[in-house]
Structures are given as C-alpha cells and as structure tokens.
Amino acid sequence: MKPHLPICSLEILVVIYNALRSWVKKSMLCYFILLYTSLGAQPLDIKFDRFDQWANAPRGSIQHIQQDKAGFLWLSTATNQVRFDGNEFQVFPLKSIQLADNQLGTQFTDKKGNHWYGDSLLRWQAPKTKSLQTFRLPPGTGICRALFFHPQVTGDSVLWILTSKALHCFDLKRKQFVRNFQYRSHDRQSLYGAAFRSAFFSKEGILWLIGETGFCKYDWRNQEFRQYDLNPGKRSGGGELNFVQGLAGDSTKCWVTTSDMGLLQYDLLKHQISPLKQTGGLLQLTQRGSYGLAYDKLGRLWVGGVTDSIVVYDVKKNRIVQWIPLHGDLLHFIDSDFRRGFFWYLLDQNSPKTGLIRIEPVSMKIDTFWVPYWQKRPKRIIMLLPDYDGTLWFIHDNTFIEYFNPQPRMVGQKALSSFSTIDIDFSKFYCLRNDALRKSIWLMSDEALLKLDWENQTAYTYYNAQQRPDEKYVRIHLDDLGQVWIQCFPSNALYRFNPKKETFARYDWSDGLPVKVIEGLEPNRVGKKWSQRFHDHTFLLFDPLKLPVIPANQPLISSVRLGNRTKEHSFDAHKQDQSSIKTKQRAISITFTSIDFAQGRNLQFRYQLMGVDTAWVRANSDREANYTGLPLGNYQFKVMAANREGEWNPVPAILPISIRPAFYTQIWFWLLCAVFISGLFYWGVRRWEKRQQRKYQIRQLIADDLHEQVGSALDSIHELSTLHHTSTHKFGLLERIETHTNSAAEKLSDLIWLLNPGNDTLAQVVQRIDEYAHRHLAPLHIIPNIILVKGNPQLRIALEKREYLYQQFKTNLVNLLKQSTFTHLTIHIAQENRQIKMEFILMYTQENTTGLAPDQHSLIMDLNNPLVELKS
C-alpha cells in the first residue's frame, strides 16, 4: 500500500498553492501595470515643428539660442542675430547682448541625487557610491549633447537624451531606452535632419533643438495636426487621396483610399504603408480606384467606387461579401447615417429624375426616394449630408433650403430670400449643416457664416475679422460640441467658430497644417479624429476636441517710429510703466507684439489711443498702429492681446505719449528770430557803411597821391617853364624840367599800377619790384636779383597794403644807395602766414680786403595790420 498524506496536509498544500498563485498573479499584474504606466509616460509619436516656411528664419548653422527677459528668443549665427517672438523672425547685426544662459548640459543630477553624465556613453552614479554604471546609446545616434527631464510630459521618471542625430527617452526605473525619435525622410514633422548642437527650454516649457543647418521645436501642448504621406517623393503632383477610415480595434493604423493606388492600410506610428498580404478581396480592392470609406454595424468596411459600384469588404475574413452596382448613377460615394447605419448616395443629376438611394447595411436592402421639389427643378443639388436625426439637408440651386426624412416621411422647403437680414448674394452659398441637437442650421458663403432660425425665418450673420483678403470659405463642419469648422481656400487655413462666445479661432501652416491645396475635411473618420486630404498621397489627422486653448500673454510695445526717422526706439517689457514718448512729431507708428511660440501668428490684437480713438481698433496682421496729424497734448496708447479663441488678456500694454509744440511755434523762437533779423540788418548796414568808407578812403588815397606826387611834380614843371620864358639865365632849366617830367610820369605809372585789380597778387608785386630795381640800378652797374623764396604767388593783397609795401621798398632801396656802395643786390621775398618778409643781401668791397663781402638787411610787413611800419 502506498503511503498517502493526510487530508489536513492536502488542504494546507492547496491553500499554499493558491496563495502562491495569487501572489504571482498580483506581482505580474503590478509589473504589467508599472510597465504600461512607464511606457504610457512617453508619447508614442512626437510632432516636431520646423521653420522651413518662415521668412528670415536662419538656414545656416546656429551657434547659440537664448531667451531675454521680455521673452524674445535670440538665435545667434556666425554673421547675425535673429529675434523671434512666435510671429516673425527679425534679423539684427551681430552684437553682444546680455542674456541668461539656459542651455542644457551633458551633466545632470536628479531629485534623488543621482548623477548622470553623457558623452559617447550614458553614465550613472548613485549618490552614496563612487562606482559608475554605463549604458550604451542606441547605435548610429552620435554622442550626447544634452540631458534633461521634461516635467510637463514625463515628470522625473524618464530621462531625455539629445544626441547628435536623435532624441531618446530613458526609463529610470527599468534602466533602459524606451523611445527613440529621429529624422525620417518620409515624415515632414519628424526630428530635424541636422547634426544637433544643444537643447534649450524656453519659459513656456517648449523644447528647442538647434543644429548645424537649422532648428526645430517640440511643443507638448499642441501635438495635433499630424501629417502623413503614403508615397513621399515618388509621385509628385498626382495621386489624389480620397478618404481615411480608422482601423477597428487599433488606433495606430487606418485605411486609406486613393484614386490610383486603391485601398491601403497605413501605420500611423511608423508613417508607412503596412505590409499586408494582398490576397482575396483585398487584392481586388488594391487594384481599383476607390472613393469613400465607412464601417457598418457588423464591422464590415464599405468602399465606395468611383463610377461602377460599392464594395462591402469583410476585413476579418479578407473577402468581399457584396457588390452593389451603381449603373453610372453615383457621382461619388457620399456618406453614412451614423445613428441609424444607413448609407446614402445621390442619383446622377443628368438623369431625367433626381432622387436618393438608401442602403440598409445588414439586409442590403436598397430603397429609392424621390423628392418632389427636385422633379420640378432638376438642377444642382448641393451638400447631401444626414444630421444626427437622420434628416437629409440640401441647398437646391442656390435658391432653396430643403430637408428630407424618410422615417417618418417629412419634406420641407424654404427659399433663401424668405429669411430676413440676409444681405449676401444667394449665388455665393456653398455649404449647409444642420445641428439637430442644438437646433441650429448653419449656412456658409465665401465671406460669412450664417445661423438660420427655421421657425422664425431669421438669420444671424457672423463676419470673421481674422479672414484674410484672399481667403474664401469652401466647407463647414460641426464637431461634437456644436462648434463650426470652416475650411478656406487657397490659404488652407481652418477657422473654428464658437457659437457661445461668437469667436473665431484660426489655424494655419504655422500650427502644422499643410501648405498644399486641401481637398476636403472629413469628420469622424479615424476614431474621434478628423482627416483632411490633399494632393500627393498626403493627409492630415487631428482631434478637434484635443486642441489646446492657450491664454494670450501680456502684449508689449516692441518699437516706436517718429515721423520719417528710420531709427527705432526699443522698450523693455518690464519697464513699460516707466517708459514714455516725448516728441514734437505728429506722425507716430507703434509696433506691438506678444511672445507666444504656440499661436504667435494667430494672435489677435486691438489698440486704442485715448483721446483720439473712441473705441478699440482691431489690428491687422502687421501689428502696427499709425497716427498722423495728432494735435498737441498728452495721450495714452493701450494695446491688448487675445489668443486664437478671442479670449483677451485683461492686462494691456500702456505707453504714455506727449506731443509737445515744435520750437518754431514758440514765442521765444519768434523773439530770437526777430533779434537775429535785427542783428543781421544792423550787420548789413554796418558792412555797407564800411564798404562806403573804404571806397572813400581809396579815393582819398588816390587824391592825396595825385596831389602829393604827381601834383608837386607838375607844379615844379610849371614854375620852371615860367622861369624859362621870363628869365635870361636859361642854363639847366630844360634838364630840370625833364627830370620833373620823368618823376611825374613814374609816379603816375605807379598809381595806375596800384589801381589795376589785376595787380593784387603777390607775384605782381614781386614783378613790379624787380622792374623798378632793374630800371634804377642798371645805370649804376649794380646787378639786382629778386627771388620769391616762399609763399603763394596768387595771394591777393589789398591796394593800400601793396602801396605801403612798394613805397617802403623804394624808400629802403634809396637809403641803401646813399649809405653804401655795393655791386650786387639780392632780395629774398617770403610770405609766411599773414606776414611778408623781405631780405636785402648786399655784396660790396670793404677797405684793405679783396673780394666781395656780404651784408644783410630785413624788412617785415604784417598784412593784418598795414599801419605797422616795416622793421629793419
């Protein structure tokens, strides 16, 4: 007999076994919960915003990035500095700016005291030990550039590591890399492809990554508007993508249809087409053009054909379960009634009758409905779309609004002209949406949005102040909150209208929307996300309910321009309460902005100049206020900023302005002008009097010279002539008359020379002296040599000074002839500053010696004071 355990021992073993199994299950469950929590802490996919489309954005190597006190971001390159406020890049010359250094380094210490170091490896050192633990970086990612925590995304449980070529997430609990974000050529919103230098956190928690050929940012607040490309770079300009539908049970994949590639499955995480076994029904669908996708209640995929048929495809069994021929009646697969599960399409409008076809997905029953209004006017039917109650709404020929509900059968029609307050051309209405839950009918033109009251037949018109001049509305859609989404062309912008607040919010390419032409906006296609399709096999996904609402920051005055002066005066945002403008210019231009890197291009501004503007003035996209012809006085300029949703920041930026009167309007200026004119008149009169006195002096001088020199000689000749006729002793009288005659002629010649204006130069004076010396010294066998050794030959000398200089020269020459006998005479004339120096160098024979001995005499004349005699 085999031994057996007692019953009590078996019970104990069972209890122990159950306890161990329960503990293992709980441990595994906790492990998977922790694992899921850890993995969920990091985003599965990140959208990096690049700046390739921005004007003046730096394209070269960025050496440094910083943020000043006002919030401006400064990017330093090798040649200049670029300032960015979220709206535009402004280029400045390279200069030294004192900014806080917030660059992230390669050494990091977490809250627990663990030290992390990064180079070619990741190293970790616990606070109580000195040993290092080393982790290898993922292959092909380069060396470490920065280590940091992202508090808003992963807290302190994940260490973020920027390397030369990638951005990694390192789980601190598991001690392993869990995420890897790097450049992907087929993803235009992936990490920038440049070799990175460093990372930087701005005040808003935005991560900026700078590299060799550009930079990008990761804004954790706005990760919607994700773009996907089916066939990047291979089919440029073609391949229209038609519809996108989420994959049941897997939010990371979706179905897409194109006009040339058929039905495909796309991986949203890997950004590529999923490699499926194209067999059975899927093989047939991938080889034909398709237009339209929807799931029915049984989980089958409905694929709309372009012209021939609708195909019902069982995804699990990979086979086609139904072909629904269209016989050329369908323009395209329209839409589904999401509440009741019906599929609708519109008969060909060129057929004799215009009707509706409804398909019940489970039984495949096809019903045809004839709308009575259409048979009388078989013209264009616009916007067939079921609302929440299953009612179909139409715009008929841009003239009537009609609705049709088959269960219970209800038909209604009203002319657009019957609604009061509609002042828009009826031919411009393009789109209609009915919000049955909120009892609102929305009608869209290319310029305005209208809300219709069906019972009272009234309309409320909403104009969008943010709409650009070249933008036209093309489609409207309603989200689950009753907000109206407006699609624009050609800017490809989206506007979200909030009916409660009556505000418009704008989204464009700076938020991640494509720059290309968008074909359509399809709500509720990928889970709760919306899809937006456009050319080149590309589409966009976003969840309208997850778009963040970011409050606007306080605005600041960036610059003020006065008159035509190009110099701008910058203001510190933190000192604006102390700043003021005092000017005499009456033309002022004020530029303002608000630092916002998430919605900077779509912020709204309004301003008011107290004392001039009676109400707030909405600013244009240039963010500038211009005033001309302002009266004298004190003003206060205010500007407020609002986010894209129209929520205004209550704190405005204030700039006191004082316009003072110009100096030429002051009494003291006119008094000075009077004194100046009086002084100028007095100076003119005195100058005229001096000129007249000078002329009188010259005339007096000429008269005196004629009287003293020529007159005395003529008197002597007259006396000698009388004596010659009366006296009997006539010996020597003729010689004396001849002597006086020659003297008078010489004096008259000197006088004529003095009066000639052409003889005012120094060269003419030297020539006159030379002629005189030769004429009087040659008979005495004395050789003269007159030399201008220094000075300007064209120096002009006044008449009285020339006369004085010439007379002094003759006087000194006569004295030298009387005092000594010399055989050679050299005269050096030099002009220096305003003085003329004349040196007489005599060569003569002394007693008891042989040869010539020199002697020297100097004469100096001051041209500024002609009354000073020549110095010997």
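Is Trp 509 buried, partly exposed or exposed, and what is its relative accessible area? Select this residue to begin the tour, bearing in mind that the model is a predicted one: Trp 509 is partly exposed, with a relative accessible area of 25%.

**First stop: Trp 509 and Trp 54**

Add Trp 54 to the selection, and note that this residue, at a relative accessible area of 9%, is buried. Across the model, the count of aromatic pairs comes to 57. In the pair formed by Trp 54 and Trp 509, the ring centres are 5.3 Å apart and the planes stand at 75°, so the arrangement is edge-to-face. Trp 54 belongs to the loop between strand E1 (49–50) and strand E2 (64–67), whereas Trp 509 belongs to the loop between strand E41 (503–507) and strand E42 (518–526), so their contact ties together parts that are 455 residues apart in sequence.

Now widen the selection to Phe 51, Phe 84, Phe 89, Trp 208, Phe 215 and Phe 597, which ring pairs link with Trp 54 and Trp 509 into a cluster.

**Second stop: Trp 116 and Phe 170**

Trp 116 and Phe 170 are both buried. Trp 116 lies in strand E7 (residues 115–118) and Phe 170 in strand E12 (residues 166–171), so this pair joins parts that are 54 residues apart in sequence. Their rings are edge-to-face, with 5.8 Å from centre to centre and 70° between the planes.

**Third stop: the sheet that includes E1**

Strand E1 can then be shown together with E16, E15 and E14, since these 4 strands form an open sheet in the order E1-E16-E15-E14, with antiparallel pairing. E1 and strand E14 (196–201) are the edge strands, each of which pairs on one side only. Between E14 and strand E15 (residues 207–211) the antiparallel pairing runs over 5 bridges. To look at a single one of these positions, select Phe 196, whose bridge partner in E15 is Gly 211.

**Fourth stop: Arg 606**

Select Arg 606 along with Trp 616 and Trp 648. Arg 606 lies over the face of Trp 616, at 5.1 Å from the ring centre, and also over the face of Trp 648, where the distance from the ring centre is 4.2 Å.

**Last stop: a nonpolar patch**

Finish by selecting Phe 663, Tyr 664, Trp 668 and Leu 672, which make a nonpolar surface patch of about 460 Å². Within this patch, Tyr 664 is placed in the loop between strand E52 (653–659) and helix H4 (667–726), and its relative accessibility of 47% makes Tyr 664 count as partly exposed.

Conventions:
Residues numbered from 1 in each chain as written. Predicted model: local features only at pLDDT ≥ 70, side-chain atom pairs only at ≥ 80, totals over all residues. Heavy atoms only, no water. Phe/Tyr/Trp six-rings, centres within 6.5 Å; stacked < 30°, edge-to-face > 60°. Helix = DSSP H or I, 4+ residues; strand = E, 2+ residues; numbered from the N terminus. Buried < 20%, exposed > 50% of the residue type's maximum accessible area, 1.4 Å probe, protein only. Lys NZ or Arg CZ within 6 Å of the ring centre and 35° of its normal. Patch = residues over 30% accessible without salt bridge, like charges linked within 9 Å, V, L, I, M, F, W, Y side chains within 5 Å. Areas by Shrake-Rupley, 256 points an atom, 1.4 Å probe, with all protein chains shown as cover. Salt bridge = Lys/Arg side-chain N within 4 Å of Asp/Glu carboxyl O. Pairing = 2+ DSSP bridges.
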